[in-house]
Amino acid sequence: MKTRLVLLSTLIAIFLLSVISFSSCKKDDDDDPQSTDYVLVIENGAQNIEPGESISYSAILIDEDGNISNPSGIVWYVTPDSVASINSSGVLSTSATGKAKVTATVSIDGVSVSASVPVGVYAPVLFAVAPSAILFEAGHDIQLETVYFSNSAPPTYTYSSSNTSVATVSSSGLVSLNAAGECVITVTASNQQNAPFYVPVLVIEAPQVPLPVTRVELNHYSKDLFKNETVQLSATAYNMEGAVTDATITWASMNSEIATVSSN
């Protein structure tokens, strides 16, 4: 019998803005022509992990000219701390199931710059949802895709939002981001009523600093493969003005024993 492999977007590419967060600031001095806008970006971004897992977070600083630097003195914290804790190096450890928010703060020219990302800590179930966590601006729609880990007929799914003022979700899994805030999208399979999949959502305001890339879209966010089968993936990067033609896309697999991905 062939072994069935499932390829998820979280395994193979960077999905910016559903994976990063930012907050920008400008030193409050209108008479200073040298004052600069900055944006702090948490590179790991929105995550959904299992109890007992840990994540090492990192952040970069981008100025209004697109220059990237690694800031020092980042302060990390997570709320609520009943779900997870994070140390001074940005390593998060889980302690319970639920939704939390990771925040990084750094002082630049006497001004505090911060960024936050959602993280969900939930026990595994027999299906997955891609993207498994959402971080994006209000006014956009994101389609959820389900992947069922079984050779039997797939179930039907129902969707609900914990806060419809922040985000709503249609019967087909289309998430509409309405306003800045946090919520959780619950996805329930018809044959697993007591084991839903939770998608943490953080809706943010538009950044003041134009970012070189704000999101990456894939031609496949999930794909069923049999052993030794292949699929060609492609990605398109976007900024606030449209497609970025000169963006460099980096591909990686989170588990190369299950699936590998080439540089192209």
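**Exercise 1. Strand β18 and its sheet**

Task: In which sense do β18 and β19 pair, and over how many bridges? Then place the pair in its sheet.

Solution.
Step 1. In this predicted model, β18 pairs with strand β19 (residues 174-177) in the antiparallel sense, over three bridges.
Step 2. For the register, take Ala-167: its opposite residue in β19 is Leu-177.
Step 3. The sheet is open and consists of three strands, ordered β15-β19-β18, with antiparallel pairing.
Step 4. The edge positions belong to β15 (141-143) and β18 (167-169); each has a single partner strand, so one side of each has no neighbour in the sheet.
Step 5. On average, neighbouring strands of this sheet are turned by 20° against each other, direction ignored.

**Exercise 2. A residue in the loop after β18**

Task: Where does Ser-170 lie, and is Ser-170 buried or partly exposed?

Solution.
Step 1. The loop between β18 and β19 holds Ser-170.
Step 2. The relative accessibility of Ser-170 is 28%. Buried would require a value under 20%, and exposed a value over 50%; Ser-170 therefore counts as partly exposed.
Step 3. Along the sequence, Ser-170 and Gln-143 are 27 residues apart, while their C-alpha atoms are 9.5 Å apart in space.

**Exercise 3. The four-stranded sheet**

Task: What is the strand order of the open sheet that contains β4, β12, β11 and β8? Work through its pairings one by one.

Solution.
Step 1. The order is β4-β12-β11-β8, and the pairing is mixed.
Step 2. The parallel pair is β4 with β12, joined by three bridges. Here Ile-49 has Val-121 in β12 as its bridge partner.
Step 3. β11 and β12 are antiparallel and pair over eleven bridges; Lys-99 stands opposite Gly-120 in β12.
Step 4. These two strands form a hairpin with two residues between them, in which Asp-109 adopts a positive phi near 50°.
Step 5. β8 and β11 are also paired in the antiparallel sense, over five bridges. Trp-76 faces Ala-104 of β11 in the register.
Step 6. At the edges stand β4 (47-49) and β8, each with a single partner strand, so one side of each is left free of a neighbour in the sheet.
Step 7. The average turn between neighbouring strands of this sheet is 25°, direction ignored.
Step 8. As for cover, eight of the eleven residues of β11 are buried, so the strand counts as mostly covered.

**Exercise 4. The nonpolar cores**

Task: How many residues does the largest nonpolar core have, and why does this core lie between two domains?

Solution.
Step 1. The largest nonpolar core has 30 residues. Those with the most contacts inside it are Leu-40, Ile-42, Tyr-57, Trp-76, Leu-92 and Val-102.
Step 2. The elements that give two or more residues to this core include β3 (37-42), β8 (75-79), β11 (98-108), β12 (111-121) and β21 (192-204).
Step 3. Residues come from both domain 1 (39-121) and domain 2 (126-204), so the core lies between them.
Step 4. A second, separate core has 24 residues, among them Ala-128, Leu-144, Val-169 and Val-187.

**Exercise 5. Two buried residues**

Task: Which elements hold Thr-186 and Leu-233? Assign each residue to an exposure class.

Solution.
Step 1. Thr-186 is part of strand β20 (residues 181-189).
Step 2. Its relative accessibility is 18%. The cut-off for buried is under 20%, so Thr-186 counts as buried.
Step 3. With neighbours within four places in sequence set aside, Thr-186 contacts Thr-158, Tyr-159, Ser-160, Pro-196, Phe-197 and Tyr-198.
Step 4. Leu-233 sits in the loop between β23 (222-226) and β24 (235-239). Its relative accessible area of 9% makes Leu-233 buried.
Step 5. Between the C-alpha atoms of Leu-233 and Ser-262 the separation is 9.7 Å, with these positions 29 residues apart along the chain as the sequence offset.

**Exercise 6. Totals for the chain**

Task: What percentage of the residues in the chain is buried? Add the other totals.

Solution.
Step 1. Of the 264 residues in the chain, 46% are buried.
Step 2. The chain contains one helix and 25 strands.
Step 3. Taking contacts between residues at least 6 apart in sequence, 57% join residues at least 24 apart.
Step 4. The chain exposes about 13,400 Å², of which carbon and sulfur atoms supply 47%.

Definitions and conventions. Residues are numbered from 1 along each chain as its sequence is written. This is a predicted model: local features need pLDDT of at least 70, side-chain atom pairs count only at pLDDT 80 or more; totals for chains, interfaces and linings use all residues. Side-chain values use heavy atoms; hydrogens and water are left out. Buried means under 20% relative accessible area, exposed over 50%, partly exposed in between (1.4 Å probe, protein chains only). Contact means heavy atoms within 4.5 Å. Two strands pair if DSSP finds at least two bridges between them. Axes are lines fitted to C-alpha atoms, for helices over the stretch in contact, and angles run from 0 to 180 degrees between N-to-C directions. A nonpolar core is a set of buried Ala, Val, Leu, Ile, Met, Phe, Trp, Tyr and Cys residues joined through side-chain atoms within 4.5 Å. Domain bounds come from an automatic or database domain assignment. Accessible areas come from the Shrake-Rupley method with a 1.4 Å probe; for residues, only the protein chains shown count as cover.
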